[in-house]
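Ready for a few warm-up exercises? Have a go at each task yourself, then read through the worked solution.

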Amino acid sequence: MNLVQQIQAEQARTDLPAFRVGDTVRVSFKIVEGRIERIQAYEGLVIAIKNSGASKTFTVRKNSYGVGVERVFPLNSPRVDKVEIVKTGKVRRAKLYYIRTKVGKKSKVKTLVGGRKSDKPEA
């Protein structure tokens with residue numbers, strides 16, 4: 001393992017759940033306003049996961065008062081406090097950029113009933 005891989009391995013976070021594209025997540029991240037630091041939640045649909053290692057990012061999209069808002073979060077950032085999976089989605093694509101053009105009920109993703117096989121504990 002070379003030096004770059006060693007540094008990336010040290011910076012990788014293991015406390016976040018394994019989520020995929022199509023899942024609805026609630027991201028709690030730290031916002032600094034002057035000297036005050038607070039945690040704000042951002043809930044939406046994961047439409048993309050990019051890169052790997054220390055530079056891994058995920059894009060979350062939500063509708064706010066009828067306007068689509070997207071935000072890109074670095075997965076290994078110390079500003080991301082926690083990520084909670086609200087709903088698991090059933091999709092067949094790696095990137096859900098087509099959701100940007102959909103309006104209303106057409107912008108919904110099917111939910112996966114019963115969770116994923118990897119989420120269930122083995123007996």
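**Exercise 1.** In this predicted model, find the residues that T24 touches, skipping those up to four places away in sequence.

*Solution.* Start by locating T24: look in strand β1, which covers residues 24–33. Next, list its partners. One run of them is E43, G44 and L45. The others are E84, I85, V86 and K87.

**Exercise 2.** Decide whether T24 is buried or exposed.

*Solution.* Take its relative accessibility, which is 15%. Buried means under 20% relative accessible area. So T24 counts as buried.

**Exercise 3.** Now do the same for K90: is it buried or exposed?

*Solution.* First find K90 in the segment after β5, a strand that spans 80–87. Its relative accessible area comes to 53%. The cut-off for exposed is over 50%, so K90 is exposed. Then check its company: K90 forms a positive surface patch together with R92, R93 and K110.

**Exercise 4.** Step back and describe the protein chain as a whole: which elements does it have, and in what pattern?

*Solution.* Count the elements: you should get one helix and five strands. Read along the sequence, they give α-β-β-β-β-β. For the overall dimensions, the C-alpha atoms fill a box of roughly 50 × 45 × 25 Å along the principal axes. Of the 123 residues, 28% are buried.

**Exercise 5.** How many positive and negative side chains does the protein chain have?

*Solution.* Tally the charges: 27 positive and 11 negative. Then compare where the two sets sit: their centres lie 11 Å apart.

Conventions. Residues numbered from 1 in each chain as written. Predicted model: local features only at pLDDT ≥ 70, side-chain atom pairs only at ≥ 80, totals over all residues. Heavy atoms only, no water. Patch = residues over 30% accessible without salt bridge, like charges linked within 9 Å, V, L, I, M, F, W, Y side chains within 5 Å. Areas by Shrake-Rupley, 256 points an atom, 1.4 Å probe, with all protein chains shown as cover. Salt bridge = Lys/Arg side-chain N within 4 Å of Asp/Glu carboxyl O. Lys, Arg positive; Asp, Glu negative; His and termini not counted. Charge placed at Lys NZ, Arg CZ, Asp CG, Glu CD. Helix = DSSP H or I, 4+ residues; strand = E, 2+ residues; numbered from the N terminus. Buried < 20%, exposed > 50% of the residue type's maximum accessible area, 1.4 Å probe, protein only. Contact = heavy atoms within 4.5 Å.
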